[in-house]
Amino acid sequence: MAFMQWSRELDTGISVIDQQHQRIVEFINELAVISATSRDPNEVNRVLAMLIEYTQTHFSYEEKLQERLDYPFLKAHRRVHDIFRRKVDEYQIRAQAGEYVIPELLHMLKEWLAKHIKGEDAHYVEMIRRSLGNPIGTIHLAEIEI
Ligand SMILES: [Fe+2]
Ligand SMILES: [Fe+2]
């Protein structure tokens with residue numbers, strides 16, 4: 001069983017956002033597999049770097065989307081992203097210094113991501129849904145592509 005399972009409660013209902021979140025979960029699971037098998041520091045650093053880069057891309061996407069939609073809590077959302085970025089950077093520094101931080105990091109990533117998706121992300125998604133007249137089912141963002 002994967003370290004972090006995708007569950008329906010993590011679905012925001014916006015396809016592009018859900019795909020990006022699922023990709024982050026895949027990186028977390030990839031890291032968990034390495035942690036449970038080889039623990040090769042090069043592999044750890046490689047996957048961790050990809051996870052960080054992809055997460056940055058996702059955060060930028062969300063922030064741009066919120067900007068486009070005049071989301072009133074953009075500043076607060078960005079701050080939450082920034083705090084997370086700094087937290088992960090600290091783990092990366094410790095990992096590069098030779099400390100084995102992966103189990104602790106994995107735990108943090110899993111907890112943080114689920115909480116953020118169900119909390120702050122669900123909040124802005126709710127606003128998008130409302131601004132589109134509460135459509136039923138999955139939203140494909142073609143009309144507000146950024
Ligand atoms: Fe977010
Ligand atoms: Fe997100």
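Two residues are taken to be in contact when their C-beta atoms, placed from the backbone, lie within 7 Å. On that footing, and bearing in mind that this is a predicted model, I28 touches F3, M4, L51, L106, L109 and K110, once its neighbours within four places in sequence are set aside.

I28 also turns up in the largest nonpolar core, which counts 11 residues in all. Its companions there are M4, V25, L31, V44, V47, L48, L51, I102, L105 and L109. Helices α1 (15-36), α2 (41-68) and α4 (102-131) are the elements that put two or more residues into this core, and α2 supplies the largest share, with four. A separate core of six residues sits apart from this one, and its members include I14, I17, Y124 and V125.

On to the packing of α3 and α4. Helix α3 covers residues 74-96, 23 residues in total, and its first and last C-alpha atoms are 32 Å apart, close to the 33 Å expected at 1.5 Å a residue. Just after it comes G98, with a positive phi near 100 degrees. Helices α3 and α4 pack with their axes 12 Å apart and at an angle of about 170 degrees. Since angles over 145 degrees count as roughly antiparallel, that label therefore goes to α3 and α4. From α3, the contact draws on H77, V80, F84 and Y91, while α4 brings L105, W112, H116, E120 and Y124. Sorted by class, this contact of α3 with α4 comes to six nonpolar residues, two polar ones and one charged one. Two of the α4 residues listed here have already appeared: L105 belongs to the largest nonpolar core, and Y124 is among the residues of the other core.

Finally, the backbone has a couple of spots worth a look. Most residues other than glycine have a negative phi. R39 goes the other way, with a positive phi near 60 degrees. This residue is placed in the loop between α1 and α2, and it is exposed, because the cut-off for that class is 12 or fewer other C-beta atoms within 10 Å and R39 has 11. N134 is another residue other than glycine with a positive phi, here near 50 degrees. N134 lies in the segment after α4 and, with 8 C-beta neighbours inside 10 Å, counts as exposed too.

Definitions and conventions: Residues are numbered from 1 along each chain as its sequence is written. Chains are lettered from A and ligands numbered from 1 in the order in which they are written. This is a predicted model: local features need pLDDT of at least 70, side-chain atom pairs count only at pLDDT 80 or more; totals for chains, interfaces and linings use all residues. A nonpolar core is a set of buried Ala, Val, Leu, Ile, Met, Phe, Trp, Tyr and Cys residues joined through C-beta atoms within 7 Å. A residue is buried if 20 or more other C-beta atoms lie within 10 Å of its own, exposed if 12 or fewer, and partly exposed in between; C-beta atoms are placed from the backbone. The expected span of a helix is 1.5 Å times one less than its number of residues. Axes are lines fitted to C-alpha atoms, for helices over the stretch in contact, and angles run from 0 to 180 degrees between N-to-C directions. Angles under 35 degrees count as roughly parallel, over 145 as roughly antiparallel, 65 to 115 as roughly perpendicular and the rest as oblique. Ala, Val, Leu, Ile, Met, Phe, Trp, Tyr, Cys and Pro count as nonpolar, Asp, Glu, Lys and Arg as charged, and the others, Gly among them, as polar.
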